[in-house]
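The following exercises concern the sequence and model shown below. Each one sets a task and then works through the solution step by step.

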Amino acid sequence: MRALLGEDLWLSSGRADATVVLRGDVDDPVLDVQGALRGGSLAGIPDVNALFLLRYAHGALEAAGEVDLGGQGVVQLRGQ
């Protein structure tokens, strides 16, 4: 990720994986982006783990995710 985003990346360690799927009719495609971060260090917070799903379908964006801040709390996101 650092190669794409440069040295200002807020993620300093960990393992990140993502899957991107584009499917459906060319006039009304569905785009799914699903990913995870394990054992990351995020803005100085160690042992961060996260899961997320983004879906763009029928002109609307849906998001769902959870970030475990290594014992400092959990942040959940769900919306459209």
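**Exercise 1. The nonpolar core**

Which residues make up the largest nonpolar core?

Solution. The model is predicted: local features need pLDDT of at least 70, side-chain atom pairs count only at pLDDT 80 or more, and totals for chains, interfaces and linings use all residues. Residues are numbered from 1 along each chain as its sequence is written, and side-chain values use heavy atoms, with hydrogens and water left out.

Step 1. Fix the terms. A nonpolar core is a set of buried Ala, Val, Leu, Ile, Met, Phe, Trp, Tyr and Cys residues joined through side-chain atoms within 4.5 Å. Buried denotes under 20% relative accessible area, exposed over 50%, and partly exposed the range in between (1.4 Å probe, protein chains only).

Step 2. Identify the members. The largest such core has five residues: L37, L42, V48, A50 and L69.

Step 3. Assign them to elements. At least two residues of this core come from each of β2 (28-42) and β3 (45-57). Helices (H or I, at least four residues) and strands (E, at least two) are DSSP runs, numbered from the N terminus.

Step 4. Examine one member. Beyond its neighbours within four places in sequence, V48 is in contact (heavy atoms within 4.5 Å) with L37, R38, G39, G40, L42, V67, D68, L69 and G70. The general background is that nonpolar side chains tend to be buried together in soluble globular proteins.

**Exercise 2. The overall arrangement**

Describe the order of the secondary structure elements and the extent of burial.

Solution. Step 1. The protein has one helix and five strands, in the sequence order α-β-β-β-β-β.

Step 2. Buried residues amount to 19% of the 80 residues.

Step 3. Among contacts with a separation of 6 or more, 20% join residues 24 or more positions apart.

Step 4. The exposed area is about 5800 Å², of which carbon and sulfur atoms supply 56%. Accessible areas come from the Shrake-Rupley method with a 1.4 Å probe; for residues, only the protein chains shown count as cover.

**Exercise 3. A nonpolar patch on the surface**

Which element gives the largest share of the nonpolar patch?

Solution. Step 1. Patches are made of residues with over 30% relative accessible area and no salt bridge; like charges are joined within 9 Å, and nonpolar side chains (Val, Leu, Ile, Met, Phe, Trp, Tyr) within 5 Å.

Step 2. The patch consists of V20, L22, L31, F52, L54, Y56 and L61, with about 650 Å² of accessible area together. Two or more of these residues come from each of β1 (11-25) and β3.

Step 3. The largest share, three residues, belongs to β3. Within the patch, L22 lies in strand β1 and is exposed, at a relative accessible area of 64%.

**Exercise 4. D32 and its partners**

Is D32 buried or exposed? Identify its salt bridges as well.

Solution. Step 1. D32 belongs to strand β2 and counts as buried, because its relative accessibility is 11%.

Step 2. Apply the salt-bridge rule: a side-chain nitrogen of Lys or Arg within 4 Å of a carboxyl oxygen of Asp or Glu. This rule gives four salt bridges.

Step 3. D32 forms one with R23, the closest N and O atoms being 3.2 Å apart, and R23 is partly exposed at 40%. D32 also meets R55 in a salt bridge of 2.5 Å, N to O. The latter pair links distant parts of the chain, with D32 in strand β2 and R55 in strand β3, 23 residues apart.

Step 4. Compare with a further network. R15, D17 and R38 are linked by salt bridges; the closest N and O atoms of D17 and R15 are 3.6 Å apart.

**Exercise 5. Backbone features**

Locate residues other than glycine with positive phi, and then describe the surroundings of G35.

Solution. Step 1. D47, in strand β3, has a phi near 60° and is partly exposed at 48%.

Step 2. H58, in the loop between β3 and β4 (60-69), has a phi of about 55° and is exposed at 62%.

Step 3. G35 is placed in strand β2 and is buried, with 9% relative accessibility. Not counting residues up to four places away in sequence, G35 touches D17, A18, A50, L51 and F52.
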